[in-house]
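Colleague: I'd like to learn how to read a model like this one, feature by feature. Can you walk me through it?

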Amino acid sequence: MLKPQINEGSHPTDDALEGYILQRIPERQIESIEIHVLTCQSCLTKLERLELDIKATKLALAASVAQKTREAYESRAHQWGWLAFPGL
């Protein structure tokens, strides 16, 4: 479970904002975060930065998985070369 959602300055924590982006926070906290972000430019900026970081991480992970899958396929294609189809 997430830690407290509001810091001392009444701003949502980074964990709360990340949970909001990933839709992993309780329903009751969504509205308070949305209202705060609409009125706080620094939290809106932080939310946008976190969203970009999460998207970049997901893209990097997908690229890594694709590369490992390709390497595994190529390794097996050499082992089972007589089954490999040209152009794949």
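Modeller: Sure, we'll go from confidence to helices, packing, the core and two single residues.

Modeller: This is a predicted model, where local features need pLDDT of at least 70, side-chain atom pairs count only at pLDDT 80 or more, and totals for chains, interfaces and linings use all residues. Residues are numbered from 1 along each chain as its sequence is written, and side-chain values use heavy atoms, with hydrogens and water left out.

Colleague: What is the average pLDDT of the chain?

Modeller: pLDDT is the predictor's confidence in each residue, from 0 to 100. Here the chain averages 83, and 76% of the residues score at least 70. Among the elements, H1 has the highest mean, 94, and H3 the lowest, 88.

Colleague: How many helices and strands are there?

Modeller: Both are DSSP runs, numbered from the N terminus: helices are H or I with at least four residues, strands are E with at least two. This chain has 3 helices and 0 strands, giving the pattern α-α-α along the sequence.

Colleague: At what angle do H1 and H2 pack?

Modeller: Axes are lines fitted to C-alpha atoms, for helices over the stretch in contact, and angles run from 0 to 180 degrees between N-to-C directions. H1 (residues 14-21) and H2 (residues 27-39) pack at about 105°, with axes 11 Å apart. Angles under 35 degrees count as roughly parallel, over 145 as roughly antiparallel, 65 to 115 as roughly perpendicular and the rest as oblique, so H1 and H2 are roughly perpendicular. Contact means heavy atoms within 4.5 Å; H1 brings Ala-16, Leu-17 and Tyr-20, while H2 brings Ile-30, Ile-33, Glu-34 and Val-37.

Colleague: Which residues make up the largest nonpolar core?

Modeller: In soluble globular proteins, nonpolar side chains tend to be buried together. Buried means under 20% relative accessible area, exposed over 50%, partly exposed in between (1.4 Å probe, protein chains only). A nonpolar core is a set of buried Ala, Val, Leu, Ile, Met, Phe, Trp, Tyr and Cys residues joined through side-chain atoms within 4.5 Å. The largest one has 9 residues: Ala-16, Leu-17, Ile-25, Ile-33, Val-37, Cys-40, Cys-43, Leu-47 and Leu-50. H3 (41-79) is one of the elements giving two or more residues to this core, and its share, 3 residues, is the largest.

Colleague: Is His-36 buried or exposed?

Modeller: His-36 is in helix H2 and is buried, at 17% relative accessible area. Gln-23, in the loop between H1 and H2, counts as exposed at 72%.
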